[in-house]
Structures are given as C-alpha cells and as structure tokens.
Amino acid sequence: MSNAIIEARGVTAGYGKSVIIEDNDIVIERGKITSIVGPNGSGKSTLLKTIVGLTRLFAGHIIYDGHEITRMQPEERSRIGIGYVPQVANIFPNLTIVENLEIGGYMRKSREEVKRDIEEVMDIFPVLRERARQKAGTLSGGERQMLAMARALMAKPNILLLDEPAAALAPIVVSRIFAKIREIVSKGITVVLVEQHAKRALELCDYGYVMTSGRVVMRGSGKEILSDEKFVEAFLGRR
Amino acid sequence: MAIDLTLPLLNSLALGSLYTLMALGLTITFSVTRIPNFAHAELVTVGGYVTAVLVNFMALPPHIALLAAFTASAILALSMDELVFKPLYKRGSRPLFLLVASIGVGLIVRYILFSLADATGNITIQTNVSVNPIMRFGRAYITTFHAIVIPATIAIVIALHILFHYTLMGKALRAISDNEDLARVSGIRIYRLRRVAWLIAGGVAGLAGGLWSISLIIDPNFGWDTLLRIFASSILGGLTSFWGTIIGGYIVGFAENIGIALLNTWFGINTAYRPLISFAIIVAVFLIRPRGFAGIDVRNIVSRLVVSRPRS
Ligand SMILES: Nc1ncnc2c1ncn2[C@@H]1O[C@H](COP(=O)(O)OP(=O)(O)O)[C@@H](O)[C@H]1O
Ligand SMILES: [Mg+2]
C-alpha cells in the first residue's frame, strides 16, 4: 500500500461541538483521480476540509506521504504539497487576478519562476490576462473557478483537492474544467474530485467513494460503483 | 455675518491627519484579525507619554522620542496579541469575546499608566516642543505643528500603500483580510504574519499619540477619550478599507472642527458638543450606509460579532 499519497483512518470531524463526518477510512492513490460523490449535505466538503486541516478533528489519523499530519496546521500542510480549491470562497475577491496568482505561489522560493508561471497561466486562460489588474471579485462564475484552480496550481502541489469545481456552471465551461482536470493528472498530480453530479465524476475517476450522512457507504472503481444496482437506484434514478 | 473658518480649517487638517493615523491601525488589525480592538486607544496614549517623558525629562530630540513612541506602542500592541488575543482566537473565541477582552486589556494598560503617572506627578503632561508660526493663513497661522503632522501622515500613507500593494508580505496581509482560510491553504503562516499587522498598527498609533502630545495636554485617558473618533473614521471606510479610513479620518476631522464652528455660529450650539459629532457619524453610517464608503457591510460585520466561528 505504499502507493497511497493520503490515508485517512477512522476520521471523525466537524465544527465547534458538532460532529459532521464519522469514522471514515479513505485511501488516495498517488497519480490517480479519486472521486467522492454523495448528496448535498453528506459531508464531502467537510471531508476535504479535514484533509487540509480546516475542521476540528475529534478522532482518527491522517497520513500524507508516509508522515502523520493529523495535528499539522493548514498552512504547513499546503507547504508540503497539499493543494486545495474550496467549493465556495475560493478566490481573494479584493486582490487583483495577478495578486491571486502571486499568493498561490506565495511559498515558492523563486519569484522569477512565479512570474513566468503567471504568464503561462494567462496564456492558457486569456480572460485572466485581459483582466489581470482587476479585482478577482469582478469575475464571472466560470472565470472564478478557472482562477481558483490556477491559484492552487501556482503552488505546484503534489495532490490537488477540488471541491465541486463544476457546480452551477454552463456545460461548455464544465467540459473545459474537466479537460483541465485530466491535464492536471497527466502532469503527475494526484487529484481528488468532490462532485454532486455523481455520473460524470465516477466516469472520470480511477477510484470512487460514495458518502451519505457523514459516512463512506460505498467504495470501488468508478465502473464498479456505476454498475452497482443499489447505487444506480439511489443516486442516478431509474430511467 | 461672515465666519472666519481659517483656524478650524487648519485644525481640521491637523486633527484629520492624526485621526487618520490612529484609525489606520485599527483598520489594519481589524482586517487581519477581525478584532475590533478597543485597546487601540491605549496604544495612542502610551505613544503620547513616551514622547513627552523622553523630550521633557531626558532631553531627547523630538524625532528620536517619536521613534521611541512608535517602537514602544508597536511592542505593546504585539504583546497584547501574543498574550491575550491570539491564544483566545486559537481556542475559537467568538469575536464578541475578543472585543470584550480588548476592552479589558485597554483598561489594564490605562490603569497602569494612571499609577505610573500619579506616582511621578505627571497625571497631565505636554511634550515640550515649541510650536512656531510659519506663515499667516487668513486670520490664523500655519505652525510647525501642521508642518510636521500633515507631511508625516502623507509619508506614512504612502509607505503603507507601498507595503500593501507592492510587497509580497503586504499582499499576503490583504489576502488574510480577504479570506483567512484560503490564505492558510496557500501556505501563509497567518500567526506569524499577524505580528506585522500589530507592529504597524501599534507603531503608527504611538506615533500619532506622540505627535498629538506636542499640541495637547495629555493624561492617561486621552487615547480612550479619542476612541470614538478613531472608530468613526474606520467605520466610515467600512472597517476594512485603507483609503476609506483615510477619507474617514479627514471627514471626522472636518466635521468636528468646521462642523462645530458652523453649528455654533448658526444655531448657537456649544462647542462642548464636539465629541457627539463622531457618535452621530457612527449612528448615521449604521443607519444610512452600513457599507461605509468601501462596499463593506458594517452592520453585517457587527452582527457577525455575536455569531460563533467554527473552531479549528
Ligand atoms: N462551517 C460550518 N459550521 C457548522 N456546520 C457546517 C459548516 N459547514 C458545513 N456544515 C454542516 O455540515 C454538514 C455537511 O456539509 P458539507 O460537508 O458541506 O456537505 P457536502 O459538501 O456534502 O454538501 C451540513 O449539515 C452542513 O450544514
Ligand atoms: Mg460541499
């Protein structure tokens, strides 16, 4: 099992005094796409936040690259290569687009390389170049999502956790984002994709988890889950 | 009857500059830590006392004394955070608790100052720097005080603007202000960086107190007596806006001096009601324009003070 980049064991976490996710085991394979699907409110976002250290952990362990990170602060986790794009509030609205990208590359040593990478990002997303000096809060939903992913990639993470990157976006934008995710994986970055839209996430992934009410209730390859009768009935509806 | 407004105009500019300096620190620490720091008042007072004592009793030149005031208040601000606010914040304290804690911290500093000032017979003191007229302006004089305070404010505003917009550290501070969690997952060590915010806020407040002690007889309450104006300036800018705070500082300065002069002449309102102007400004902002000038909803921020923050 040395090919796991992240292992979460018996993870129980939440906010304040309330427990949201309970006793979950998750293994993320290096270089693969792992999808986490489940209905709204099932604790998918909370699980991702727990991996980056933004929730209160009540029990369990999180291992990254063979090291225990259970008690590590979020800023230190990002410094060892864990990248994260939150579902909401995933940009700095009062910073310009360039500044958002600079902060993305905050912990990198070479400012020259950061500059070069910002140029490269703006070649890929011309809309970001056009509006480079504008506040990021002025971007549209799809543009924001592009910026949010670009910001996280600026850090050159080993693993990228994406929380519903395609939610509430026009189909054409969704396909661009999914293409981008495939490109990220092809560069050797491990991707964890949280999606409410179960079908498209499971078709894309190597391995998947299904959550309901704060617990992982099903796991397997994307194909296995998609062909499971109970899953199809509960999540995709009979057609 | 024509009113001569030249003196109130000059006072507005000088006091508006001081309010700006004091309020900028409040805005900076609020932006980075979300603590409405009532102990900011005492940072001003300490700066005033350090300046006065060093100039009057140790015969230090004023600019050295002001530098010492900056340093002393910067260190005091940092200590407040390290000893009280940061530990509370890390434990997940609500913003309202932090607000109350800041009132307590201010009270402690204020009474230590009272004891020290009383023991040494300095309950009131003024920095011994001669203020000389430089040139006539209407029926008033532009003095060396104006010639120090206004350019000093401009210089500090420019320096802070450069810090926040042209250095990575400054951009990181703005990032924390915008979205703390996202700043953390971008690798920003927020608990280290907030020290910078406290040092700047305290230092600039101390400097403002020191400058003011040249033209004002101060006592251990003088920062506290000014706190309403400081908050009014910051709230006019929506509590987190840099330029909004600067505009706010001058609005308060002008409203208090020119406003009261006009109210006095036209309606016979006693100038002793001057402090009520800041209070009126705060109420008016909350009622009419809760977003301040900068598009930030002050009312929402205030209501969030009583709502729990997730613990992490
Ligand atoms: N910051 C928070 N504080 C308290 N409860 C929260 C917070 N964020 C989410 N929750 C609660 O946790 C539960 C799971 O939410 P979430 O993890 O966002 O689910 P999902 O991402 O699967 O839709 C919900 O009931 C939600 O109300
Ligand atoms: Mg979610």
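Mentor: Accessible areas here come from the Shrake-Rupley method with a 1.4 Å probe. In this predicted model, chain A exposes about 10800 Å², and carbon and sulfur atoms supply 50% of that area.

Trainee: Why does Ser45(A) count as buried or exposed?

Mentor: Buried means under 20% relative accessible area. Ser45(A) has 18% relative accessibility, so Ser45(A) counts as buried.

Trainee: And what makes Gln87(A) buried, partly exposed or exposed?

Mentor: Partly exposed lies between the 20% limit for buried and the 50% limit for exposed. Gln87(A) is at 32%, so Gln87(A) is called partly exposed. For chain A as a whole, 54% of its 239 residues count as buried.

Trainee: What makes Ser45(A) and Gln87(A) donors to the magnesium ion (ligand 2)?

Mentor: A donor N, O or S atom must lie within 2.8 Å of this metal. OG of Ser45(A) and OE1 of Gln87(A) coordinate the ion at 2.0 to 2.1 Å. The pair links distant parts of the chain, 42 residues apart: Ser45(A) sits in helix α1 (residues 44-52), while Gln87(A) is in the loop between β6 (82-85) and α3 (97-104).

Trainee: How many helices and strands does chain A have, and how do you know how compact chain A is?

Mentor: Chain A has 10 helices and 10 strands. Its radius of gyration is 18 Å, close to the 18 Å that the globule rule gives for 239 residues, so chain A is as compact as a globular protein of that length. Along its principal axes, the C-alpha trace spans about 50 × 45 × 35 Å.

Notes
Residues are numbered from 1 along each chain as its sequence is written. Chains are lettered from A and ligands numbered from 1 in the order in which they are written. This is a predicted model: local features need pLDDT of at least 70, side-chain atom pairs count only at pLDDT 80 or more; totals for chains, interfaces and linings use all residues. Side-chain values use heavy atoms; hydrogens and water are left out. Donors are N, O and S atoms within 2.8 Å of the metal (3.2 Å for Na, K and Ca); water is not among the atoms, so sites may look incomplete. Helices (H or I, at least four residues) and strands (E, at least two) are DSSP runs, numbered from the N terminus. Buried means under 20% relative accessible area, exposed over 50%, partly exposed in between (1.4 Å probe, protein chains only). The radius of gyration is taken over C-alpha atoms; the globule rule is 2.2 Å times the number of residues to the power 0.38.
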